[in-house]
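Here are my notes for your first look at this model. Keep the structure open as you read.

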Amino acid sequence: MSIAVLGAGSWGTTLAILLAEKGHDVFLWAHRKEFADELNRWHENKRYLSGITIPDSVQISSDIHRAAKADMIVVATPAQAVREILMQLKAHPFNNTIFVNVSKGIELGTGMRMSEVTQSALPQVKIEQIAALYGPSHAEEVSRHQPTTVVAASVSKETAKYVQETFRTAMFRVYINTDLVGVEIAGSVKNIMAIAAGIADGIGYGDNAKAAIVTRGLAEISRLGVRLGANPL
């Protein structure tokens, strides 16, 4: 399968490596030509993923239109840049292309989730062609083949399974879910709870306070998600 990864940060580079190691034909897009040249020269992302070799089979370029030929496009850019980047591809039909958002966040100004931003920037892409791949997944750990679990979410169970099969390895376990709204909301706002837990640590509170933040945070995330259209279970 041909797969384009948009964004050569730590996560985009890690996923490009994972997919190449699985035998896929991978194209990694870098925003700046100088950075793409640097990655091609060193076969290593010294800026964001030092010490991890990028396989020779990974094609790297700053020409984003090369991504339009891929069977699957993985969007791994900062959330606030997703719209601007995808709009550069609006001339392409994408009849059967699967879009996998690994960028977590809510777009400032519109309040849109990443799947909504994708459809807004590329109206020709159906919601069934879009998935989110979210989960507790530090790039440096995945790149070193440490055990990790994530979820592939799409309104289409077939699409979710397709993404699962594409990414999963012995150490990168992928579950599936059809609650795209719930997964996107949870993946985007859980960091608020993480920051709150860090603040609790910083001011000297103990485990009780952190447990309260986590449990009440989960309740708040659930209520917010349901209000925004997530599956209430």
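1. Start with a term. A polar contact is a pair of N or O atoms within 3.5 Å. Inside a protein, one atom must be able to donate a hydrogen and the other to accept it. Keep in mind that this is a predicted model.

2. Now apply the term. Which backbone nitrogen does the side chain of Ser 156 reach? The partner is the backbone nitrogen of Thr 159, at 3.1 Å. Find Ser 156 in the loop between β9 (148–153) and α6 (157–167).

3. Is Ser 156 buried or exposed? Its relative accessibility is 15%. Buried means under 20%, so Ser 156 counts as buried. Across the protein, 49% of the 233 residues count as buried.

4. Step back to the whole fold. The protein has 8 helices and 10 strands. Its radius of gyration is 18 Å, and the globule rule gives 17 Å for 233 residues. Those values are close, so the protein is as compact as a globular protein of that length. The C-alpha trace spans about 50 × 40 × 35 Å along its principal axes.

5. Look at the contacts along the chain. Take those in the protein with a separation of 6 or more. Residues 24 or more positions apart account for 68% of them.

6. Finish with the surface and the charges. The protein exposes about 11700 Å². Carbon and sulfur atoms supply 54% of that area. There are 23 positive and 22 negative side chains. The centres of the two sets lie 3 Å apart.

Key: Residues numbered from 1 in each chain as written. Predicted model: local features only at pLDDT ≥ 70, side-chain atom pairs only at ≥ 80, totals over all residues. Heavy atoms only, no water. Helix = DSSP H or I, 4+ residues; strand = E, 2+ residues; numbered from the N terminus. Buried < 20%, exposed > 50% of the residue type's maximum accessible area, 1.4 Å probe, protein only. Rg over C-alpha atoms; globule rule 2.2 N^0.38 Å. Contact = heavy atoms within 4.5 Å. Areas by Shrake-Rupley, 256 points an atom, 1.4 Å probe, with all protein chains shown as cover. Lys, Arg positive; Asp, Glu negative; His and termini not counted. Charge placed at Lys NZ, Arg CZ, Asp CG, Glu CD.
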